Amino acid sequence: MVETTGAGASASAPASGEAEPAEEAVITIRDFEYEMPESIAPGATVTVVNEDDAPHTVTAKDDGGFDVDVQGGETVTFTAPEESGDYEVICVYHPEMSGTLVIS
């Protein structure tokens, strides 16, 4: 399920000093680039904030099971894959945009 909102969202830092996967994570799209968190917990809620005017997607390049469309200036959420691994991500509108979503 994908939800769209007009306001940005923020992720809170872990209480301990350890770098644990976030239960809630944010991917920011700015200047036609993905800004990904270091890692995301399996099944976590992922918020995608598109700060560009153009529409973008967060699409699993292989069999990752997610394809999220986010219009310019909007925010959407999706559920991260349950299986740990590195998921190559592209934008179907702008194939030069790529990144890696790490689920661990």
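Me: Which residues does M36 touch, not counting those up to four places away in sequence, and what counts as a contact?

Reply: A contact means heavy atoms within 4.5 Å. By that rule M36 touches I27, V89, G99, T100 and L101. Before we go on: this is a predicted model, in which local features need pLDDT of at least 70 and side-chain atom pairs count only at pLDDT 80 or more, while totals for chains, interfaces and linings use all residues. Residues are numbered from 1 along each chain as its sequence is written, and side-chain values use heavy atoms, with hydrogens and water left out.

Me: Why is M36 called partly exposed?

Reply: Buried means under 20% relative accessible area and exposed means over 50%, with partly exposed in between (1.4 Å probe, protein chains only). M36 has a relative accessible area of 22%, so it falls in the partly exposed class.

Me: Where does M36 sit along the chain, and how far is it from V48 in space?

Reply: M36 is in the loop between β3 (33-35) and β4. From C-alpha to C-alpha, M36 and V48 are 9.7 Å apart, with their positions 12 residues apart in sequence.

Me: How many helices and strands does the protein chain have, and what makes a run count as one?

Reply: Helices (H or I, at least four residues) and strands (E, at least two) are DSSP runs, numbered from the N terminus. On that basis the protein chain has zero helices and nine strands.

Me: What makes β8 and β9 a pair, and in which sense do they run?

Reply: Two strands pair if DSSP finds at least two bridges between them. β8 and β9 have six bridges, in the antiparallel sense, so they qualify. One example is I90, whose bridge partner in β9 is S98. β5 and β8 pair as well, antiparallel over two bridges, with A60 standing opposite V89 in β8. Five bridges also join β4 to β7, again antiparallel, and there V49 stands opposite T75.

Me: What makes β7 largely enclosed by the rest of the structure?

Reply: Four of its five residues are buried, so β7 earns that description.

Me: Which residues touch the most other members of the largest nonpolar core, and what makes a set of residues a core?

Reply: A nonpolar core is a set of buried Ala, Val, Leu, Ile, Met, Phe, Trp, Tyr and Cys residues joined through side-chain atoms within 4.5 Å. The largest such core has 23 residues, and Y34, I40, V48, V58, F66, F78 and L101 touch the most other members. At least two of its residues come from each of β2, β4, β5, β6 (67-70), β7 (75-79), β8 (85-90) and β9 (98-103). The largest share, five residues, is supplied by β4.

Me: Why is the pair F66 and F78 called stacked?

Reply: Rings of Phe, Tyr and Trp (its six-membered ring) pair if their centres lie within 6.5 Å; planes under 30 degrees apart count as stacked, over 60 as edge-to-face and the rest as tilted. The F66 and F78 centres are 5.4 Å apart and their planes stand at 25°, so both cut-offs are met and the pair is stacked. F66 lies in the loop between β5 and β6 and F78 in strand β7, so this pair, 12 residues apart, links distant parts of the chain. Both F66 and F78 are buried. Together with Y87 they form one aromatic cluster.

Me: How do you know that E35 and R30 meet in a salt bridge?

Reply: A salt bridge is a side-chain nitrogen of Lys or Arg within 4 Å of a carboxyl oxygen of Asp or Glu. For E35 and R30 the N to O distance is 2.5 Å, so the pair passes. E51 and R30 meet in a salt bridge too, at 2.6 Å, N to O. With E51 in the loop between β4 (40-50) and β5 (56-60) and R30 in strand β2 (residues 22-30), the pair ties together parts that are 21 residues apart in sequence. Salt bridges that share partners join R30, E35 and E51 into one network.

Me: Are the three residues buried, partly exposed or exposed?

Reply: E35 has a relative accessible area of 35% and is partly exposed. R30, at 32%, is partly exposed, and E51 counts as partly exposed at 43%.
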